[in-house]
Amino acid sequence: MDYDGDGRADLALYRRDAQAGSSWWVKSATGAQLFADHKYGGATDIPVPGDYDGDGRADLALFRRDCVNGSSWWVKAASGTQLFAGHKYGGCADIPVPGDYDGDGRADLALYRRDAQAGSSWWVKSATGAQLFADHKYGGATDIPVSGDYTGDGRADFALFRRDCADGSTWWVKNSATGAQVFADHRYGGCADIPVAGDYDGDGRADLALYRRDAQAGSSWWVKSATGAQLFADHKYGGATDIPVSGDYTGDGRADFALFRRDCADGSTWWVKNSATGAQVFADHRYGGCADIPAASNPATT
């Protein structure tokens with residue numbers, strides 16, 4: 001989530017406030033304040049940042065659920081231009097999963113619709129308005145969508161993490177361009193793990209990545225390359241309530257281990273470790289309130 005176009009993920013938060021108005025707070029990875037109390041959004045909106053205009057910068061984007069009038073998208077470019085305002089697209093329980101599904105360099109309006117009866121489906125509309133996928137059946141009624149480019153073709157794929165406490169959790173990934181099955185019933189993960197897909201080895205493909213909260217033994221990261229190699233196994237880093245916000249905070253082309261730790265007493269903090277070198281990028285870095293939503297987190301898990 002790079003809001004200033006420097007090739008590094010920034011510390012970005014969405015602060016819901018029904019009285020004063022919800023706002024965005026974004027600090028560059030280099031320390032510069034990009035947005036401070038920037039009013040944009042409602043008190044129940046879900047942040048879904050991405051580069052919707054293809055300028056290389058993340059935009060201020062929100063998905064507003066509405067069971068009466070239809071859910072809508074609100075997107076303002078980093079430059080201030082309004083890209084979408086009240087754009088109706090989606091149901092009131094849909095999970096937003098923006099990504100570039102057509103390879104045009106722009107994030108698309110994408111949703112995962114859970115349905116135990118008719119079958120869960122994907123709905124994707126291009127940032128230019130074209131319907132890319134409508135009622136595309138793929139997934140279960142409790143699956144967690146973890147969209148990313150798992151094939152390295154420059155397009156986001158249909159990806160799901162299916163929790164299973166009895167037989168082991170699994171990954172399901174289908175190439176959005178060809179329809180080919182990339183992973184099917186691939187066992188990797190525990191029944192409470194949080195999926196945090198990203199490219200941890202710099203090969204241009206999203207990896208199977210998980211954050212495992214553990215108050216006793218210490219929370220850990222588990223990452224398997226899209227090619228099958230184990231990159232990290234039980235890598236200890238984080239607390240039992242931390243929110244994973246993986247991204248490339250160093251600009252080296254690899255996703256880093258990143259966490260947002262809510263703290264109502266002393267102020268919330270960011271913790272980021274370079275996944276390639278192990279160097280600490282941010283440690284106990286105070287930035288945010290105790291109810292803020294980190295904009296890089298998966299809305300299906302937070």
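**Exercise 1. Find which strands strand 1 and its neighbours pair with, and how the sheet is ordered.**

Step 1. Start with strand 1, residues 11-15: two bridges join it to strand 24, and the two strands run antiparallel. Strands here are DSSP runs of E, at least two residues long, numbered from the N terminus, and two strands pair if DSSP finds at least two bridges between them. Before going on, note that this is a predicted model, where local features need pLDDT of at least 70, side-chain atom pairs count only at pLDDT 80 or more, and totals for chains, interfaces and linings use all residues. Residues are numbered from 1 along each chain as its sequence is written, and side-chain values use heavy atoms, with hydrogens and water left out.

Step 2. Pick out a residue on strand 1: Tyr 14 sits opposite Ile 293 of strand 24.

Step 3. Now put the whole sheet together. Four strands make an open sheet, ordered 3-2-1-24, with antiparallel pairing. Strand 3 (33-39) and strand 24 (293-294) are at the edges with a single partner strand each, so one side of each has no neighbour in the sheet.

**Exercise 2. Track down the disulfides and say how they are connected.**

Step 1. Count them. Taking a disulfide as a pair of cysteine sulfur atoms within 2.5 Å, you get three disulfides.

Step 2. Take Cys 67 and Cys 92, joined with an S to S distance of 2.3 Å. The torsion about their S-S bond is about 95 degrees, so this disulfide is right-handed. Cys 67 is in the loop between strand 5 (60-64) and strand 6 (72-76), while Cys 92 is in the loop between strand 7 (82-88) and strand 8 (95-96); the pair links distant parts of the chain, 25 residues apart. For accessibility, buried means under 20% relative accessible area, exposed over 50%, and partly exposed in between (1.4 Å probe, protein chains only). Cys 67 is exposed at 61%, and Cys 92 is partly exposed at 33%.

Step 3. Move on to Cys 165 and Cys 191, whose sulfur atoms are 2.4 Å apart. Here the S-S torsion is about 90 degrees, so the disulfide is right-handed. Cys 165 belongs to the loop between strand 13 (158-162) and strand 14 (170-174), and Cys 191 to the loop between strand 15 (181-187) and strand 16 (194-195), so the bond ties together parts 26 residues apart in sequence. Cys 165 counts as exposed at 63%, and Cys 191 as partly exposed at 33%.

Step 4. Finish with Cys 264 and Cys 290, S to S 2.3 Å. A torsion of about 95 degrees about the S-S bond makes this disulfide right-handed. Look for Cys 264 in the loop between strand 21 (257-261) and strand 22 (269-273), and for Cys 290 in the loop between strand 23 (280-286) and strand 24, 26 residues apart. Cys 264 is exposed at 64%; Cys 290 is partly exposed at 32%.

Step 5. Write the pattern. Counting bonded cysteines along the chain gives 1-2, 3-4, 5-6.

**Exercise 3. Describe two aromatic pairs, Tyr 14 with Trp 24 and Phe 133 with Phe 158.**

Step 1. Set the rule: rings of Phe, Tyr and Trp (its six-membered ring) pair if their centres lie within 6.5 Å; planes under 30 degrees apart are stacked, over 60 edge-to-face, and the rest tilted. The structure holds 12 such pairs.

Step 2. Tyr 14 and Trp 24 are 5.4 Å centre to centre with 55 degrees between the planes, a tilted pair. Tyr 14 is in strand 1 and Trp 24 in strand 2 (residues 23-27), 10 residues apart. Both Tyr 14 and Trp 24 are buried.

Step 3. Phe 133 and Phe 158 are edge-to-face, at 4.8 Å and 85 degrees. Phe 133 lies in strand 11 (residues 131-137) and Phe 158 in strand 13, 25 residues apart. Phe 133 and Phe 158 are buried too.

Step 4. Widen the view: Phe 133 and Phe 158 belong to one aromatic cluster with Tyr 101, Tyr 112 and Trp 122.
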